Amino acid sequence: MSNKIVIFNPRSANSKHRIPNSILQVGASIFGVFDFVFVDGNLEEDPWETIASYFETGEFKYFCSTVMPGPQLRQAIPFTKKIKDLYPDCITIWGGYFPSNQHKVCINADYVDYIINGPGDNAFPDLVTCLESLNIMGSTQKNETLYSRLFQIKNLIYKTPKGDIVKTPKEPLLDQNALPPLPYTYLNKFYDLKQYLSRTFLGRNTFSYHSSVGCPFTCSFCAVVPVYEGRWKAKSAEGIYEDISYFKKEYNIEAIEFHDNNFFTSRKRVVEFSELIRNDGISWWGEGRIDTINKYSDEDLKLMRAAGCKMIFLGAETGNDEILKQMNKGGTQTGQMIKEFVKRMHKADIIPELSFVLGMPAETPEKVMKQIDWDINFIKEIKEINPNAEIIIYLYSPVATEGSELYEQIQKAGFSFPDILEDWLNPAWEKFDLRKNPLTPWLTPAMVDKIQNFETVLNGYYPSASDFRIKGFKRSLLRGISKIRYRNGFYKYPYEIKALHKIWKYRQPEIEGFYSE
């Protein structure tokens, strides 16, 4: 067995797909040092056949997979297991949010050898270099040396021969401007980059980009927190613009989705970027926090809109200040601030895409239901203030942020995660990861039905602007049949709305991203 590497991106959706920035980042860390291939499960008709064809050559030793919670597990788990069964000497390495947050169940599976816990820009090449250097040693010396060297590698999780799980210390976040460029040209040898560019409501040839890592806040319900621990590092505005200019010139992109956890952390960077891109005719979308962007001046918002900012995804979570404290949201956000902010965004002509998390635990079922009703009414208030505001509704799905008060609360309520990795393949857990099926003991079927039925009526009366197929007659009909329900608070059994959604294949952006073609 040689030492070549397969870097795999499991399938994440059934429709138009984004450029796989996660595996590009891994590839950049070893480009020119180790031989590797990319396999993108989103663009392969049969990704296993492609993976197997590489290993059958006898030249590949490492199988490395990025793993997000939800749909990606459907390929990551069986493929990794099969590789280990067929090629027991192969070394398997996982990275991404799922193994970082659920490291115990992953590393306890006998087919996952190592986990990169967070950024792998140094950890991944250091791990491969360490394992390769041991090949020249005798077996006794190798065993004595391996674990002492592994512990020196930051951002790594592994298991000792005695069964102890080791998490090495976290590495400080690296200067994002000093990292090697992503190997777009190399990826293009495997998959035509044009396949990753699509028309969305933002514009033609929409391009996906990451300009920063982490988030400076520590919300107890967020999967980013255990990985980055309240840290944030970003590329400069000039560095972002340089990359975008390349894709504008080579691929004529007209729009960008910034998939940073918090693109707007630095006002200075956003303003500089807006000044650079304002005359390029590019629309863009990004994620941010209400209390952060609310500190921007009206002139800043006006500049951002002139520079192409069309929509911003924002974690509103709830309009209830008491629940915001329970979530450990941090910052200064309040329900009143949300109302004032959406009004400012309406004036700036930027669409606020607000996500709400319903179904938080409480002392009694009555209080849980009261909180749900409170937020439903609050959401309707938001739509009165700014009808263009997009609303995303999630059911609260616990994140394993051990030590947080919220996590302790959900454990006491009887919630627990699967202990066996294969159990995560249960469809119920996939819906859990998509925050559509909570599996939480404090939410009754009646509560879940109320939330989901309201969401259906809301999406009927206010169809998402991101699904640009729903316009004209379709939009008018949907709004017409939803009007009485929405205005009178009658949400039960909205079968007529569901039927039209199904016929027209209405796309909810929180599940599969923006509709694209």
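**A buried aspartate, a ten-numbered helix and an open sheet**

Asp260 has a relative accessibility of 0% and therefore counts as buried, since the cut-off for that class is under 20% relative accessible area. The structure discussed here is a predicted model. Asp260 sits in the loop that links β12 and α11. Leaving aside residues up to four places away in sequence, the neighbours that Asp260 touches are Tyr209, His210, Ser211, Ser212, Arg269 and Glu287.

Helix α10 is a good next stop. This helix covers residues 237–251, 15 residues in total, and reaches 21 Å from its first C-alpha to its last, close to the 21 Å expected at 1.5 Å a residue. Its buried residues are Ala237, Gly239, Ile240, Ile244, Phe247 and Tyr251. The elements covering these buried residues include two helices, α8 (184–187) and α11 (267–277), together with two strands, β9 (203–209) and β12 (255–258). Just after α10 comes Asn252, whose phi is positive, at about 55 degrees.

Attention now turns to the sheet. Here 7 strands form an open sheet with mixed pairing, and their order is β2-β1-β3-β4-β5-β6-β7. The edge positions belong to β2 (36–40) and β7 (165–167); each has a single partner strand, so one side of each is left without a neighbour in the sheet. From one strand to the next, the twist averages 20 degrees. At the β7 edge, strand β6 (residues 156–159) pairs with β7 in the antiparallel sense over 3 bridges. Within this pairing, Ile157 has Lys167 of β7 as its bridge partner.

Helices α1 and α3 can be described alongside these strands. Helix α1 (residues 21–30) packs on the sheet and touches β1 (4–9), β2 and β3 (60–66), with its direction at about 160 degrees to that of β1. Helix α3 (residues 73–86) lies across β1, β3 and β4 (91–95), and runs at about 165 degrees to β4.

A last residue worth a look is Lys104, which belongs to helix α5 (residues 103–107). Its relative accessible area is 45%, so Lys104 is classed as partly exposed: the value falls between the 20% limit for buried residues and the 50% above which a residue is exposed. Lys104 and Ile165 are 61 residues apart along the chain, yet their C-alpha atoms are separated by 7.7 Å.

Notes:
Residues numbered from 1 in each chain as written. Predicted model: local features only at pLDDT ≥ 70, side-chain atom pairs only at ≥ 80, totals over all residues. Heavy atoms only, no water. Helix = DSSP H or I, 4+ residues; strand = E, 2+ residues; numbered from the N terminus. Buried < 20%, exposed > 50% of the residue type's maximum accessible area, 1.4 Å probe, protein only. Expected span 1.5 Å × (residues − 1). Contact = heavy atoms within 4.5 Å. Pairing = 2+ DSSP bridges. Axes fitted to C-alpha atoms, helices over the stretch in contact; angles between N-to-C directions.
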